[in-house]
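Visitor: Could you walk me through reading a few features, starting with charged side chains and how they pair?

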Amino acid sequence: MLVKVLHLLFALFLIYTWFYVLQWMIGLCISIYRISQSSQRKKVVRWILPDPLAMDNSVSVIIPAHNEEACVVDTIESLLNEDYPNLEIILVDDGSTDHTAQRVIDQYGLVPSPGLRAEVSHRARGIECYEQSLRSRRLILLRKENGGKAESLNCGLDLCTGRYCVILDADTRIEKGSLRIMVSQFLADRQTIVCAGAVGNNESMYKELPFLRKCLVLFQTLEYYRTFYMQRILLDRFNANIVVSGAFAMFDCALLKAIGGYQENTIGEDMELTMRLHAFCRSQRRAYKIAYTPEAKCVTQFPFRYRDFFRQRRRWQIGMVQSMKQHGYMLANRHYGWVGILSGFLFVFYEMLAPFMEILGAATLVLAFAAGILNVPSTVIILFVYYILMLFMEWILVAALNTYELESMPWKKQTAIILLSCVEFLSFHIINSAIKILAMLTYRKYSKTWQHIKRVHEPVAQK
């Protein structure tokens, strides 16, 4: 009986593993085709969205912040330097205990605005509002008592006057022209309700870090490449993305307000909102598109301390569990199309439960070896072929990103990423899996308070 069970588990583990490889192969082919068109897409944006048309399509940017004194001015400067002509910036300071708000007030000469306060007084306590016009942009600062990121986003949403609203993290800077690319997506495809951008980082900020911390940053860089330039592009082909990054995304402002904004009882507010948008549009029988445009990019700061990395990834995993639990009715439900069938399957088995599946597979191999039924040479060959295939596909992706100039990669960076990819499975992957397991076992005890990540300050040059 034990032998039959082990044979069955081994067969299922092989199917699970090689389906993952197949997903990668398909995703890589679609990704390379898509990013090969990136330069051409950027060229036509100015033609699609000249300045007069951009003036008729206003954009509001909401920046929730808590203890972001080190980088919030840099983020605002990147927006003030953006070439989009009709732009409103709303910074929501969620009870910071440092000088986040005061630094912005002093830097830009903001003045009190009692009228704005009246518009959001029902949302939170201790609200103060300030505003100023700068370089043809309107800058608004809203200060309030600490209530969490989702509450801060909803307060900012109440103040939005733009046709589209962008959600941007306080440690994140957008690359010039990204807003124009996103708005052009809405105008080119009128079914678009959300447009998400790619997220990257600037390794030059981490030059002074010790070796192990630099490795942590590079491992995350490689992981982000896979996520934003392969998985998101693959799911975008099927209109099946169920995560729109909270770091950088643009929404139809009227629709976001119509569905009630962000839920304030979850820590995975970005994933929950995306799944709720899918469900809302399906229930209304509305044709819609949740788009992903890798040409629109932002630069954020990755955690470089291991304890910050642990907190961030634990938070992400718990947010995923909460969202999947709340919207479990969508999974394997053909009424929700590829969202329920493809995305639901991939996120449950290859994200949420992946560490447990890997432990089960490893245990099966050990028990089969102990029982004397494991064909060791064949198993070693299968695992080696799997390892080489995954490495080869990662290297192709890195080379394609560099060739089509979506990511700037000097030869030193390419070499470092290639070398680290060889040991990722036995280092970074194990750490990440352990965090996911711990998060799954303790998610009920987690609070939705802000968790500060140490920032690296890198000033942005003003025009």
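Guide: Happily! Take lysine 436 to begin: in this predicted model, lysine 436 is buried, with a relative accessible area of 17%.

Visitor: Which side chain does lysine 436 meet in a salt bridge?

Guide: The general idea is that side chains of opposite charge can pair when their charged atoms come close. Here the partner of lysine 436 is glutamate 351, at 3.7 Å from N to O. Glutamate 351 sits in helix 13 (residues 337-352) and lysine 436 in helix 17 (residues 428-442), so this pair links distant parts of the chain, 85 residues apart. Glutamate 351 is partly exposed at 22% relative accessible area.

Visitor: How many salt bridges does the structure hold?

Guide: There are 20. One of them joins glutamate 77 to arginine 135, with 3.2 Å between N and O. Glutamate 77 belongs to helix 4, while arginine 135 is in the loop between strand 4 (128-134) and strand 5 (137-144), so the pair ties together parts 58 residues apart in sequence. Glutamate 77 is buried at 2%, and arginine 135 is partly exposed at 37%.

Visitor: Which residue forms a salt bridge with glutamate 131?

Guide: That is arginine 138, with the closest N and O atoms 3.1 Å apart. Glutamate 131 is partly exposed, at 23% relative accessible area, and arginine 138 is partly exposed too, at 26%.

Visitor: Let's turn to cysteines. How many disulfides does a search of the whole structure find?

Guide: Zero. The way to read this is by sulfur-to-sulfur distance, since a disulfide needs two cysteine sulfur atoms within 2.5 Å. For cysteine 298, the closest cysteine sulfur is in cysteine 195, 12 Å away, so it is too far for a bond. Cysteine 298 counts as buried, at 0% relative accessibility. For cysteine 422, the closest cysteine sulfur belongs to cysteine 215, and at 13 Å that is also too far for a bond. Cysteine 422 is partly exposed, at 28%.

Visitor: One polar residue to finish, please. Where does asparagine 67 lie, and is asparagine 67 buried or exposed?

Guide: Start with the place in the chain, then look at the surroundings. Asparagine 67 is in the loop between strand 1 (59-65) and helix 4 (72-80), and is buried at 16% relative accessible area. The asparagine 67 side chain reaches the backbone nitrogen of threonine 97 at 2.6 Å. A polar atom of that side chain also lies 3.2 Å from the backbone nitrogen of aspartate 98. Beyond residues up to four places away in sequence, asparagine 67 touches Ser96, Thr97, Asp98, Thr100 and His452.

Notes: Residues numbered from 1 in each chain as written. Predicted model: local features only at pLDDT ≥ 70, side-chain atom pairs only at ≥ 80, totals over all residues. Heavy atoms only, no water. Helix = DSSP H or I, 4+ residues; strand = E, 2+ residues; numbered from the N terminus. Buried < 20%, exposed > 50% of the residue type's maximum accessible area, 1.4 Å probe, protein only. Polar contact = N/O pair within 3.5 Å; in protein donor to acceptor, adjacent residues only side chain to side chain. Contact = heavy atoms within 4.5 Å. Salt bridge = Lys/Arg side-chain N within 4 Å of Asp/Glu carboxyl O.
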